[in-house]
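Dear colleague,

I am passing the structure below on to you, and my notes on it follow. Please read them with the structure open beside you.

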Number of protein chains: 2
Amino acid sequence: MRPTTVDDLRADAARNRARVLEVARELLAAGEATLPMNTIARLAGVGIGTVYRHFPTRQALLESAVMGGFEQLLAEAQSAAADDDPGAGLERLLRYGIRLQLGDVGLAAVLRSPECACARTSRLRADLLKAVGRLLERAREAGAIRPEIGADDVRRLSCGIVQAVRAGSSDEAEIDRYTNVLLCGIRPDR
Amino acid sequence: MRPTTVDDLRADAARNRARVLEVARELLAAGEATLPMNTIARLAGVGIGTVYRHFPTRQALLESAVMGGFEQLLAEAQSAAADDDPGAGLERLLRYGIRLQLGDVGLAAVLRSPECACARTSRLRADLLKAVGRLLERAREAGAIRPEIGADDVRRLSCGIVQAVRAGSSDEAEIDRYTNVLLCGIRPDR
DNA sequence: GCACAAGCGGAGAGTGCATCCGATTTGCGT
DNA sequence: ACGCAAATCGGATGCACTCTCCGCTTGTGC
């Protein structure tokens, strides 16, 4: 039987996998979004074959590298969905999600792409959309959002705003300014 | 003296240049945004060297290829800036610009990038921003837009919305829905 | 210890970018 | 019409990155 979790890996394999992930996160943190596979292999001190064995595609590596941030976002979304005031919860979630993406080019890339390669992240994504869906439903009832906006619209629009912020100086004032445009844009006309 | 305009080119050179541009536009129209230089050379029936001589970088080729669309956008912006109702002019311009970008991946890429490589497009861009600036100033006076939104914010936000639309089915309803979010988002609170 | 499966690593083929320079073509002056 | 210099052509070349494949090494269970 093939190993299905990290724990089933041989000790050296687990070590190599961890090193590759570590290097990938370092590159992402340094703003390198391309993640050249050969560079990663070299920096991690492993062969290229090893990188490809653990992560068959760059997308798979990327998704594994940003798993942590993704989980934080999901937790925030679930908390927001349980907020007494859905309008406030939505605003809090959007402000959080946008800042999270701005601080993590990898996570932003994963959220931007229409689907996830690995099952683990696919599930996170589905859970996230479900939580946002619940939040939106309550926000609609409370009249805090335009009724035609769905969970995936929120995802795509946030990613768009993130890219708009990134295209400039990305200072605090701009983040707030652009986030406000999104927040006001999805609020119903009064 | 070196040729400074297309007319100064030798007959064969002008022919090759036109062919390369034609092929580039075809690829862009087919949704190919990468524009591989060797592919372009092959399709245009010229050597790679010829492509690079006329267009030293991919960006330069891209900008030359989308010049026409850019000029249309500028014309629309200047017309909008002269509109009696600046609010209506702004809405018209944004709807036009977003649809234009959705129909032309090349133009969208050029508008998204922070600056232009060739002088010709740099000037178009400067003129465009100037026209939008005039439009915004009038819109501010008329209370049709949040005062903190500038011309470059409009550019970046539109590009963000375009990318958000592109991330999905891009059907008519979605284009309107997302464009409305932007329009409402930049309107002042009432 | 030993056997053997799991894992390793890098050679190599493929693709694309960008440069350089010898071969070719063109336009001009006569 | 013709010859020449300048302008232009085109692909060979070197470099970077991707991804596969397979012989060798190493960890693990007995």
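**Contacts with the DNA strands**

A polar side-chain atom of A:Arg58 is found 2.9 Å from a phosphate oxygen of DNA strand D. Please keep in mind that this is a predicted model.

To begin with DNA strand D, the residues around it number 21, and those that come nearest are A:Met37, A:Arg58, B:Arg10, B:Asn16 and B:Arg53. Of the strand D atoms that come within 4 Å of the protein, 65% belong to sugar and phosphate. A:Met37 places a polar backbone atom 2.9 Å from a phosphate oxygen of this strand, while B:Asn16 has a polar side-chain atom 2.2 Å from a phosphate oxygen of DNA strand D. Among the elements that give two or more residues to this surface are α1 (11–29), α2 (37–44) and α3 (48–54) of chain A, and the most, five residues, comes from α3(B).

Turning to DNA strand C, there are again 21 residues around it, of which A:Arg10, A:Asn16, A:Arg53, B:Ala11 and B:Pro36 come nearest. Sugar or phosphate makes up 70% of the strand C atoms within 4 Å of the protein, and bases make up the rest. Phosphate oxygens of strand C lie 2.5 Å from a polar side-chain atom of A:Asn16, 3.1 Å from a polar backbone atom of B:Ala11 and 3.2 Å from a polar side-chain atom of B:Tyr52. Here α3(A) supplies the largest share of the surface, with five residues, and by class the surface near this strand comprises eight nonpolar, seven polar and six charged residues.

With best wishes

Definitions and conventions. Residues numbered from 1 in each chain as written. Chains lettered and ligands numbered in written order. Predicted model: local features only at pLDDT ≥ 70, side-chain atom pairs only at ≥ 80, totals over all residues. Heavy atoms only, no water. Near = heavy atom within 4 Å. Polar contact = N/O pair within 3.5 Å; in protein donor to acceptor, adjacent residues only side chain to side chain. Helix = DSSP H or I, 4+ residues; strand = E, 2+ residues; numbered from the N terminus. Nonpolar A, V, L, I, M, F, W, Y, C, P; charged D, E, K, R; others polar.
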